Amino acid sequence: MPLPHRSMTSSHTHTHTHTHTGLPVAARDRRRARKKPKTRMESEENVVQSFLLLLLLAASFTLVGPAAPRDQERAQEDQWHVFSSAQDAAGRCVCTVVTPQDGLCSRDTRGKQVRHLLEKVQNMSRSIEVLDQRTRRDLQMVEKMEAELKGLENKFKQVEEGHESNAARQYQSIKVKMEELRPLIPLLEAYKADALLVRRFKEEAANVTALLQDQLGALDYQDLHGRVASLEERLRACMQRLACGKLTRIAEPVTIKTSGSRFGSWMTDPLAPAGDNRVWYMDGYHNNRFVREYKSVQDFMTSDNFTSHRLPHPWSGTGQVVYNGSLFFNKFQSHTLIKFDLRSSLISRSRQLDFAGYNNMYHYSWGGHSDIDLMVDEGGLWAVYATNQNAGNIVLSQLDPDSLQVVRSWTTNHPKRSAGEAFMICGTLYVTNGYSGATKVYYAFATNSSTYEYIDVPLGNTYGHLSMLDYNPRDRALYAWNNGRQVLYNVTLYHIIQ
């Protein structure tokens, strides 16, 4: 039962007045005007009614049902109690009640804050898990490379110390190359230390999660908030150093499936928990509301068994993305962004992307209502679009995935309509020179320095018509829809050594 409204005083004692009569106002007025004296029977009836009313009020303010000792103690602390009752001159029942202690409302607010922190830590735990998987895989390659480097170094020493001076001279040029590689050895040691740091992050996140779950609301909120903020900041710095780099190569495409129309999008959730490999499939670029869910990539490749989700609004373009259990999409013929919770099948947030062009005003060069392109990288959720204020050139905005508010925006000098497709990797926007024929990534805008450069990274366009190209930071791969084929591209990132 919702608690009645109360004002806060130091005594915690308040008077609540309840009027109980079934007579209409006019009838009551006529009754009072007649001023008939009450009979003894009427008086006794009023007393009985008041007594029954008091019992009902007492029952409504008392917790019902058995409780554990600790729960009983808390119930005694939190429940509302009837303190006294009386009747006023007009026959109304007046009850004085003792309200719960001052801390109850603030404790409830604090509980919500702590639960929000818990959700934040759980999201970070998923990011750490992705980073851990990647560092474990890369560490095996690093250790193998390290062993080969040290083995080469030992061979050179043996040749130099031998009596075959001619052979030593032959190896001299190779030795020069080896000297160039020597600085990599301490770098590899540092990489191993970073991999250990990731494991420590994992343990720290688990410890904070346990504290939040076991002692919900009992700990100091500011202390908890500080610990979570510190963990988040250090994790972001670690991810930037370990997981990120500059795009240098895109592998040949791997065709996963042939299905659907010429245009569409497909994706997996980069923040899905371990073992969750569901595929999300959206055919077409407008006037469609149905999203297919496949249990895994293998299921997607080999069968047509899927679950269908109906959206409350049709989507626009092919710039949808699934991120942390929600589908983010642009509502058809609008600049409204929608966050659709795939667990509850409800809209959890919607917000207009101010000044963004829509309805084929500033689309990619292939058209298809591709005005607003949502994407994800190691840094979170992004939106690529164009505005009149920026003369139709690309605007890049980082979005808060909870509120859909713009966190920060960057304006570029690249016309949106001249871009074939675009994707984000490690805070850098990469743009292709077209969508058909010989295609390459040729423009890169780095948000950390707000600078751009022209690059030349070939992109195999096997089927001749790209209508979707998005990066998945968990897989370190590009997902593409190419003329009715769903394809994957592995990418190579170059880690710049300062």
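Which residue in β19 is the bridge partner of Ala422? Select Ala422 and look across to β19: the partner is Val431. The model on screen is a predicted one.

**Stop 1: the sheet around Ala422**

Widen the selection to strand β19, residues 428–432, together with β18; the two run antiparallel and are joined by four bridges. Next, add β20 and β21. The result is an open sheet of four strands, ordered β18-β19-β20-β21, with antiparallel pairing. Colour β18 (422–425) and β21 (451–459) to mark the edges: each has a single partner strand, so one side of each is left without a neighbour in the sheet. From one strand to the next, the twist averages 25°.

**Stop 2: strand β6**

Select residues 264–267, which form strand β6. In a regular strand, side chains alternate between the two faces of the sheet. Here Gly264 and Trp266 lie on one side, Ser265 and Met267 on the other, and all of them are buried, so that both faces of β6 are covered. Now add strand β7, residues 279–283, which pairs with β6 in the antiparallel sense over four bridges. Opposite Gly264, in β7, stands Asp283.

**Stop 3: Glu293**

Move to strand β8, residues 290–294, and pick out Glu293. Is Glu293 buried or exposed? Its relative accessible area is 15%, which is under the 20% cut-off, so Glu293 counts as buried. Show the side chain of Arg278 as well: a polar contact of 3.3 Å joins it to the side chain of Glu293. To see the rest of the surroundings, select Val279, Trp280, Phe306, Thr307 and His309; with Arg278, these are the residues in contact with Glu293 once its neighbours within four places in sequence are left aside.

Note on methods:
Residues are numbered from 1 along each chain as its sequence is written. This is a predicted model: local features need pLDDT of at least 70, side-chain atom pairs count only at pLDDT 80 or more; totals for chains, interfaces and linings use all residues. Side-chain values use heavy atoms; hydrogens and water are left out. Two strands pair if DSSP finds at least two bridges between them. Axes are lines fitted to C-alpha atoms, for helices over the stretch in contact, and angles run from 0 to 180 degrees between N-to-C directions. Buried means under 20% relative accessible area, exposed over 50%, partly exposed in between (1.4 Å probe, protein chains only). A polar contact is a pair of N or O atoms within 3.5 Å; within protein, one must be able to donate a hydrogen and the other to accept it, and residues adjacent in sequence count only if both atoms are side-chain atoms. Contact means heavy atoms within 4.5 Å.
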